[in-house]
Structure formats: structure tokens, C-alpha cells
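User: Please take a close look at a single part of this model and tell me how it is built into the rest of the chain. I would like one connected answer rather than a list.

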Amino acid sequence: MSDYVIPTPPVTSIPVASGGAFPVRRVYCIGRNYAAHAIEMGHDPDREPPFFFQKNPNNLDTTGDFPYPPHTSDVHHEAELTVVLKSGGKNIPVERAMDHVYGYALSLDMTRRDLQGEMKKAGRPWEIGKAFERSAPIGPIHTVEEIGHLDEGAITLKVNGDLRQEGDLNQLIWKTPEMISYLSEYFELAAGDVIMTGTPSGVGPVVKGDVMEVEIPALGKLSVTVT
Ligand code: MN
């Protein structure tokens, strides 16, 4: 018996392709991590220090549906590789960072671009544009044991069969071990942490009825319908 005074909120988890479920503690997202996307958003792609924002664990969604959110008319897809951690710590050296990786998943960092733009212009936080209900569709986790580490390979997103986003994981400005090491200098990382690694160029709006399909060959495909 606990003495919680309200019902315990459910733990968000992501299914693991080989069986079981991965419970989520935090969700970190990196911005502008592919040069071509930095340029399309009006920024210099030079290797400036990475920056991060967070979504909430229960923004992750594994249903395959993305309900069009309120208070926006410009919701964008951002196809991303997600890295999930089985352990963590502070001040993790780059050379040890990959020891903490449990696996990888396909994901979408859905963004209310109009609201994000207003917040950027006003110098305000981005949550209203990024951390809304079901804003992070995600596929099953493929473990390092099963597929090894992913540092190259095509990442694409199609909408209704048309290619919209295309890049290669080898184009990440900040590589996975560098992201983990950098984050661990500012936050204490732990098992259950999820890192969305940024999106290649070609982001754009979706409308109700669109079917988004993210693909990284080693991870298969993630298909999400805008409802
Ligand atoms: Mn993103």
C-alpha cells in the first residue's frame, strides 16, 4: 500500500522488437543536428555547441495515429533516429558513452511550427510548439544486441508515398556518443532516458489523412496516420 493521494500516473513504455517493454524516464531532443536542416531553418550549420529541449515521456505514442493538435495550422513532421539508454551518469566521456546505449527506434518530432516560431521570435520556451499530446510517435526499440550501433545509413520520410525528407545518419553534426557525453555534463542521465537525435532537411506540414512513413533500413519502417 502506498500513501499516494491520487491514482498513480501510468509509466510510459516503448515496446522492444525482441520482446518486453522499455520504461521511459526523460525525453531529450537535439535541435539543428543536420547541416541541411539548419540551413532550411535559417541558421548557420557550423559546429556550434548542440542545444537540447525536452518532451514529456507521455508525449511518446506508439499507436500509429497522430491526432491533429489544437491551436495550430502548421504542424510539421521531423523524422528522427531515437537512441535509448540502459544506464547513465554524469560527465560521461565520449569513449564510454556508447556503453550506455540499449537500442534505437524510429520516431517523429511533431512540431506546431507556427507556435514554435512565435515563441522563438519572443525569446520564449518552445514547449507549446514541441511538447504537446502525442507529439512524439515512436516505433519499437531494436536492441544493440540485435542490430549493433547505428552511425550511418539512410533516413527518409515519405508522406503519402512522396519522398519529403532524406539524409544519412553519417551527416549528424553531433554524433550519438558526443550527444550523450555533452548532455551528461548538464544533466544526470539514467536508464530510461530517450534522446531524439535531430531531423534531416525537408521538414514540412501535414494535414488530416496524410500517412507519414519514416524509414531507416536497419530499423524498418514507422507508419503514422494524421487523424
Ligand atoms: Mn526535431
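Analyst: Strands E7 and E10 run antiparallel and are joined by 2 bridges, and in one of these pairings His-76 stands opposite Thr-111 in E10. In this predicted model, the two strands belong to an open sheet of 3 strands, in the order E10-E7-E16, with antiparallel pairing. E10 and strand E16 (204-205) are the edge strands of that sheet, each pairing on one side only.

The surroundings of this small region can be followed through helix H3 (residues 113-122), in which Arg-113, Leu-115, Gln-116 and Met-119 are buried. Seen down the axis of H3, these buried residues fall within an arc of 160°, so they line one face of the helix. What covers them includes strand E7 (75-77) and strand E10 (111-112), together with helix H4 (127-130). Just after H3, Gly-123 takes a positive phi of about 70°.

The metal site comes next, where the manganese ion is coordinated by Glu-78 (OE), Glu-80 (OE) and Asp-109 (OD), at 2.0 to 2.1 Å. Along the chain these donors follow the spacing E-x1-E-x28-D. Glu-80 lies in strand E8 (residues 79-85), whereas Asp-109 lies in the loop between strand E9 (101-108) and E10, so the pair ties together parts that are 29 residues apart in sequence. Glu-80 is buried, with a relative accessible area of 0%, and Asp-109 likewise counts as buried, at 1% relative accessibility.

Met-110 has a wide set of contacts: leaving aside residues up to four places away in sequence, Met-110 touches, among others, Val-75, His-76 and His-77, as well as Lys-55, Phe-66, Gly-129, Lys-130, Phe-132, Val-206 and Met-212. Met-110 is also among the residues with the most contacts inside the largest nonpolar core, which has 38 residues, and the others named there are Phe-66, Ile-180, Met-212 and Ile-216. At least two residues of this core are supplied by each of several elements, including E8, E9, helix H6 (176-186) and strand E17 (211-216). A second, separate core of 16 residues includes Ile-14, Ala-136, Ile-138 and Ile-141. In soluble globular proteins, nonpolar side chains tend to be buried together.

E8 and E9 also take part in another open sheet, which has 6 strands in the order E4-E3-E15-E8-E9-E12 and mixed pairing. Its edge strands are strand E4 (52-55) and strand E12 (142-143), each of which pairs on one side only. At the E4 end of the order, E3 and E4 run antiparallel and are joined by 4 bridges, with Phe-53 in E4 as the bridge partner of Cys-29.

Set against the whole chain, the region is part of a fold with 6 helices and 18 strands. The radius of gyration is 17 Å, close to the 17 Å that the globule rule gives for 227 residues, so the chain is as compact as a globular protein of that length. Of the 227 residues, 47% count as buried, and among contacts between residues at least 6 apart in sequence, 76% join residues at least 24 apart.

Note on methods
Residues are numbered from 1 along each chain as its sequence is written. This is a predicted model: local features need pLDDT of at least 70, side-chain atom pairs count only at pLDDT 80 or more; totals for chains, interfaces and linings use all residues. Side-chain values use heavy atoms; hydrogens and water are left out. Buried means under 20% relative accessible area, exposed over 50%, partly exposed in between (1.4 Å probe, protein chains only). The arc is that of the directions from the helix axis to the C-beta atoms. Contact means heavy atoms within 4.5 Å. Donors are N, O and S atoms within 2.8 Å of the metal (3.2 Å for Na, K and Ca); water is not among the atoms, so sites may look incomplete. A nonpolar core is a set of buried Ala, Val, Leu, Ile, Met, Phe, Trp, Tyr and Cys residues joined through side-chain atoms within 4.5 Å. Two strands pair if DSSP finds at least two bridges between them. The radius of gyration is taken over C-alpha atoms; the globule rule is 2.2 Å times the number of residues to the power 0.38.
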